[in-house]
Amino acid sequence: MSYNRDKTITIVGCGGFIGSHLLERILDTTDFIVHGFDIDFRKINHLLGNERLDFHKTDMHDSSVFESVKKSGTVISLAALCNPSLYNTVPLEVIESNISGNLELLKACCDQKSRFIYFSTSEVYGRTVSSIAGEPGDSEKDLLREDSSPLIMGPVRVQRWSYAASKQIIERLIYAYGFEKGLDYTILRPFNFIGPRMDFIPGVDGEGIPRVLACFMDALLNNKPLKLVDGGVNRRCFTYIGDAIDAVMAVLGRPDDSRREIFNIGNPSNEITINDLACLMIKLYKEVRPEFSGKLYDIQKVSSVDFYGQGYEDSDRRLPDIRKACERLRWVPGTNLADSLRITIKAYVDQYGNRVSQK
Ligand code: UGA
């Protein structure tokens, strides 16, 4: 392969859910050469034969990553352990994997004058306290703004925030490298992206507790109760992966508009409580699989201690202000919640429908 630095991208974590969609889009719609790094390639098997992809099955500490940064005008970091069930059970792995790898990477980008695009998380807003807990409240007041909302981490003992705190420190380091050393960066804060190739189904292709979408799919596919942690009153804004990738492509295509900026990438119109999400997913699952339309699916309340163990806490509402992203990136997330869920549920059924039991 011959290299034009401006047309070469390094993607660390290209084999995960977001990485697989981003890689697919970049290879499909641009002429960039991509150096991709991941320890897992099951979600990108269909892309490995592409002649513009140079894939390395390795983690972000490998020296080949740093060789690749030298050749790349842009570096995108997606690697992270991002399931809440890990934050209070293996906090050291969560914190160290987030901090050490990304610190080395951003220093390398600074040295090599590469643009650094970092996937942070909506979780950096931390322990949100919306205007009226359990109620929609005053939406304008509850909007989370990239450049003015406080980032509220819970006590150190409450290890739920280990992930958010480590992401926050990397954001602060990136900002400081930009401020003192001129690092060219963009920080993205994803708000609950959903779509095909999301998390594993426990016992089929992974172990432990995935995020809520996959937990509910596991319940539906296996005819188990859908569990509502602490009553399912908390809210999330689920964002369709295709819309999210549109935003990332706009960041890539509009470097001047996104330089040294932080963007919320989320869909505030898709806000729902977890309780209502469970009901909607049952309804849509029956639509996708009419053969189960007469079936009763149970919904159970469970305490967070029983579900996640000690040290779990939650954000009650994560409502993104996306005005900056809409204006600067000329971006609008257009996929509504029902359509986003339909596509996601169908993808799970296609992938797992015949591999799990239906009692
Ligand atoms: C997680 C990650 O921590 C974030 O970094 C990431 O940005 C975010 O997902 C995301 O997907 O963007 P969270 O929204 O808390 O954050 O993740 P989920 O595990 O999907 O939980 C959402 C809500 O559902 C929480 O209130 C949780 O307690 C609840 N839940 C989860 C249930 O009620 N039942 C379940 O079976 C699973």
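This report describes a predicted model of a protein with a bound ligand, beginning with the ligand and moving on to aromatic rings, backbone angles and a few single residues.

## The ligand and its surroundings

The ligand is surrounded by 25 residues, and the closest of these are Tyr-87, Glu-123, Asn-192, Arg-236 and Asp-314. Sorted by the character of their side chains, the residues of this shell comprise 15 that are nonpolar, three that are polar and seven that are charged. Several elements of secondary structure each give the shell at least two residues, namely helix 3 (84–87), helix 7 (212–222), strand 8 (226–229) and helix 11 (304–308).

Oxygen atoms of the ligand take part in polar contacts with both side chains and backbone. In the case of Arg-236, a polar side-chain atom lies 2.6 Å from an oxygen atom of the ligand, while for Arg-211 an N or O atom of the side chain is 3.2 Å from a ligand oxygen. With Val-229 the partner is instead a polar backbone atom, which is 2.9 Å from an oxygen atom of the ligand. Taken on its own, the ligand has 700 Å² of accessible area, and the protein covers 96% of that area.

## Aromatic pairs

A pair of aromatic rings is described by the distance of the centres and the angle of the planes. Across the whole structure, a search finds nine aromatic pairs. One of them joins Phe-116 and Tyr-118, whose ring centres are 6.0 Å apart and whose planes make an angle of 25 degrees, an arrangement that counts as stacked. Phe-116 and Tyr-118 are both buried.

How are the rings of Tyr-285 and Tyr-297 arranged, edge-to-face or stacked? Their centres are 5.9 Å apart and their planes stand at 90 degrees, so this pair is edge-to-face. Tyr-285 belongs to helix 10 (residues 274–288), whereas Tyr-297 belongs to the loop between helix 10 and strand 13 (299–302), so the pair ties together parts that are twelve residues apart in sequence. Tyr-285 counts as buried because its relative accessibility is 0%, below the 20% limit, and Tyr-297, with a relative accessible area of 10%, is buried as well. Together with Phe-292, Tyr-285 and Tyr-297 form one aromatic cluster.

## Charges over rings

Rings in this model also have lysine side chains as partners. Lys-7 lies over the face of Phe-32, at 5.0 Å from the centre of the ring. In another such arrangement, the charged end of Lys-324 sits over the ring of Phe-263, 5.4 Å from the ring centre.

## Positive phi angles

Most residues other than glycine have a negative phi. Lys-113, although not a glycine, has a positive phi of about 55 degrees. Lys-113 is found in the loop between helix 4 (91–112) and strand 5 (115–119), and with a relative accessible area of 70% Lys-113 is exposed.

Arg-197 provides a further example, with a phi near 70 degrees, which is again a positive value in a residue other than glycine. The place of Arg-197 is in the loop between strand 7 (193–194) and helix 7.

## Selected residues

Thr-186 lies in strand 6 (residues 185–190) and is buried, with a relative accessible area of 0%. The side chain of Thr-186 reaches the backbone oxygen of Ser-258 at a distance of 2.8 Å. Ile-26, which is found in helix 1 (residues 17–29), is likewise buried, with a relative accessible area of 0%. Ile-26 and Asp-111 are 85 residues apart along the chain, and their C-alpha atoms are separated by 25 Å.

Is Leu-48 buried, exposed or partly exposed? Leu-48, in the loop between strand 2 (33–38) and strand 3 (53–57), counts as partly exposed because its relative accessibility of 30% falls between the limits of 20% and 50%. Its C-alpha atom is 9.9 Å from that of Gly-36, a residue twelve positions away along the chain. Ser-139, placed in helix 5 (residues 139–142), also counts as partly exposed, at 35% relative accessibility. From C-alpha to C-alpha, Ser-139 and Tyr-352 are 38 Å apart in space, and they are 213 residues apart in sequence.

Notes. Residues are numbered from 1 along each chain as its sequence is written. This is a predicted model: local features need pLDDT of at least 70, side-chain atom pairs count only at pLDDT 80 or more; totals for chains, interfaces and linings use all residues. Side-chain values use heavy atoms; hydrogens and water are left out. A residue is near a molecule or strand if one of its heavy atoms lies within 4 Å of it. A polar contact is a pair of N or O atoms within 3.5 Å; within protein, one must be able to donate a hydrogen and the other to accept it, and residues adjacent in sequence count only if both atoms are side-chain atoms. Accessible areas come from the Shrake-Rupley method with a 1.4 Å probe; for residues, only the protein chains shown count as cover. Helices (H or I, at least four residues) and strands (E, at least two) are DSSP runs, numbered from the N terminus. Ala, Val, Leu, Ile, Met, Phe, Trp, Tyr, Cys and Pro count as nonpolar, Asp, Glu, Lys and Arg as charged, and the others, Gly among them, as polar. Rings of Phe, Tyr and Trp (its six-membered ring) pair if their centres lie within 6.5 Å; planes under 30 degrees apart count as stacked, over 60 as edge-to-face and the rest as tilted. Buried means under 20% relative accessible area, exposed over 50%, partly exposed in between (1.4 Å probe, protein chains only). A charge sits over a ring if NZ of Lys or CZ of Arg is within 6 Å of the ring centre and within 35 degrees of the ring normal.
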